[in-house]
Amino acid sequence: MKKLISYKSLYRDIFLLIITLFIWASVGSKYHSMTNLNEVNIKTILNNIRFFFPLIIIIFLIIFKSSYQKSYFLTNIIFFIFLSFLIGNYNLYFNNNSIFEALNNDKYFIQTGYLPNLTRDVMMGIYFMCSYLIFSRLNKKETIKLLKINYIFLIFISFITLYFAYVEYFGNNKEYLYFTQFLITGELFGVPTIRSLGLSRNLLIIFLPLAIFYLYGEKKKFNFLIILLLIFLSTNIFQLQSRTSIYAFFLFFLINFLILVYKHEFKKIISIAIIFIIIPQFLNIFIPNFKKLIQSYQSYEISENNENKENQFSIISELNIKIPVGRIFTTAPNNPEFKKIHKDDQYILISEYSSGRLELWRQILKLFKDREDLKNSFLGFGNSADRFFIKESASNSIFYSLISGGLFGLFFLILFYFYILRLIYYFLKNKEKYSKDIIIFSLIAIIIFIMLRSLVESSFLVFGTDNIVLFMCLLFLNNKKLT
């Protein structure tokens, strides 16, 4: 009997591992038509297979797992958000024919190849629900194991990306890891790698449970290793220069600082100040200056071989130890734009601290206010509407929901936020009951981070890391609440 149980557990673990691999392998994949056989290659075939992985998992689970988590309120919210996207697609493709034709003739879309495609846009809406549909079919034990497997997998892919980014970083003269080209256009095995902002998000998601375990967990067997890992993660979160991740990091630090002050645990206050802030910031100053020192020595060696020995040490003396100039507290955006205001070549900065997001949000509001040629704009225009109308990501879940699903989608997104707040409130209200459950408070911290991130990104409304992690965390907490 014990052997039978062991085999059953092994099969379940393998099954959950396959689910994890299939879901993450499908992130970033796009379906390509194979009607022209001359353009079909192995890369296209593999990409299309990756694209259908989530649907394969859903069909399999529906056939072989009849039981599922019965969270009717959450299920209805998710379904109605999806339905709003579907209605938006219908509104664009069937009610706004003139707009649809104009988009097809737009030189920008022709050049980028991102022309209107009803099938693609409907599939984007379906994939928004995929993570939820998959995870809702898992029981409590399976959900816990899946959380652990996904956490390990997130560490694995993030650290591989960091390795290749650092290989380039130590070969250039940039001060921050954020500026490495690998985190902009890099690929691993033909798949686009995680970008700098996404990598920073991953590292913070990895950091939060470890930090909570270090501060409030009872087991301290690997305490030293945890401290080293926290320092490493903190340093790289700062190095990747994502404003959202860094502000969330400081918010987490502040909340825990206040909790520890309230508990009079002053030793821990000193330790988190050293581990989370002082050492990582020291490394942020030291690493770029260390690189500069190494490069100066290399220049010195070159000059020693090719020039006279006079003034050779002047190369090294040019090294200035300074604090790297980051983008966190700057008033300039990622890509500053200037407008000429005077004949004498006087310019003013027209982009904003928000990296242009405020202007994008204004453009979305103008669509509903000023565009009289748009029919039924209150219904939205489907999943790719932000790309079509403002030629950028909406960079905000609220505005993405508005332009994609209209007022209908916006209403249910707000309900979704309220559902999350209510769920978090339940666990905080009953914190005595769950005080020793580190996983619960780790997941709450991750959910709050993703909610904050959704204010400056489309986030969980588009299939990807935010979507996968959020629904996994929500279903675990919902399952925990019901039991």
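A residue is called buried when its relative accessible area is under 20%, exposed when this is over 50%, and partly exposed in between, as computed with a 1.4 Å probe and protein chains only. The structure is a predicted model, in which local features need pLDDT of at least 70 and side-chain atom pairs count only at pLDDT 80 or more, while totals for chains, interfaces and linings use all residues. Residues are numbered from 1 along each chain as its sequence is written, and side-chain values use heavy atoms, with hydrogens and water left out.

**Figure 1. The whole protein, with its 19 helices and four strands.**
Helices (H or I, at least four residues) and strands (E, at least two) are DSSP runs, numbered from the N terminus. Of the 483 residues, 46% are buried. The accessible surface comes to about 26400 Å², and carbon and sulfur atoms hold 65% of that surface; the area was computed by the Shrake-Rupley method with a 1.4 Å probe, and for residues only the protein chains shown count as cover. A contact means heavy atoms within 4.5 Å. Among the contacts with a separation of 6 or more, 70% join residues 24 or more positions apart.

**Figure 2. Confidence along the chain, as given by pLDDT.**
The predictor's confidence in each residue, pLDDT, runs from 0 to 100. Its average over the protein is 83, and 82% of the residues score at least 70. In residues 308-317 the pLDDT is below 50, and the model gives this stretch 12 contacts beyond near neighbours in sequence. Residues 331-353 also have pLDDT under 50, with 39 contacts beyond four places in sequence.

**Figure 3. Asparagine 91 in helix H4 and its partner asparagine 376.**
Helix H4 covers residues 72-95 and includes asparagine 91. This residue counts as buried because its relative accessible area is 0%. Its side chain reaches the backbone oxygen of asparagine 376 at 2.9 Å. Beyond four places in sequence, asparagine 91 also touches other residues, including Lys375, Ser377, Gly380 and Phe381. Asparagine 376 lies in the loop between helix H15 (357-370) and helix H16 (385-389), and counts as partly exposed at 34% relative accessibility.

**Figure 4. Positive phi angles at asparagine 376 and lysine 391.**
Most residues other than glycine have a negative phi. Asparagine 376, however, has a positive phi of about 50°. Lysine 391 has a positive phi near 60°. The place of lysine 391 is in the loop between H16 and H17, and its relative accessibility of 30% makes it partly exposed.

**Figure 5. The largest nonpolar core, with 123 residues.**
A nonpolar core is a set of buried Ala, Val, Leu, Ile, Met, Phe, Trp, Tyr and Cys residues joined through side-chain atoms within 4.5 Å. The members that touch the most others are Phe135, Phe207, Phe276, Phe389 and Phe416. Helix H17 (residues 397-429) supplies the largest share of this core, 14 residues. Beyond four places in sequence, phenylalanine 389 is in contact with several residues, among them Leu92, Ile99, Leu374 and Ile403.

**Figure 6. Aromatic pairs, of which the structure holds 46.**
Rings of Phe, Tyr and Trp (its six-membered ring) pair if their centres lie within 6.5 Å; planes under 30 degrees apart count as stacked, over 60 as edge-to-face and the rest as tilted. Phenylalanine 73 and tyrosine 419 form a tilted pair, 5.9 Å centre to centre with 45° between the planes. Because phenylalanine 73 lies in helix H4 and tyrosine 419 in helix H17, the pair ties together parts that are 346 residues apart in sequence. Phenylalanine 73 is partly exposed at 44%, whereas tyrosine 419 is buried at 9%. One aromatic cluster has among its members Phe85, Tyr132, Tyr400 and Phe471.

**Figure 7. Surroundings of leucine 204 in helix H10.**
Helix H10 covers residues 196-216. Leucine 204 is buried, at 1% relative accessibility. Its C-alpha atom is separated by 7.5 Å from that of leucine 233, which is 29 residues apart along the chain. Beyond four places in sequence, leucine 204 touches Ile237, Ser245, Ala248, Phe249 and Phe449.

**Figure 8. Surroundings of isoleucine 23 in helix H1.**
Helix H1 covers residues 2-26, and isoleucine 23 counts as buried at 3% relative accessibility. Isoleucine 23 and phenylalanine 52 are 9.7 Å apart, C-alpha to C-alpha. Beyond four places in sequence, isoleucine 23 touches Ile57, Ile134, Phe135, Phe463 and Ile468.

Note on methods: A polar contact is a pair of N or O atoms within 3.5 Å; within protein, one must be able to donate a hydrogen and the other to accept it, and residues adjacent in sequence count only if both atoms are side-chain atoms.
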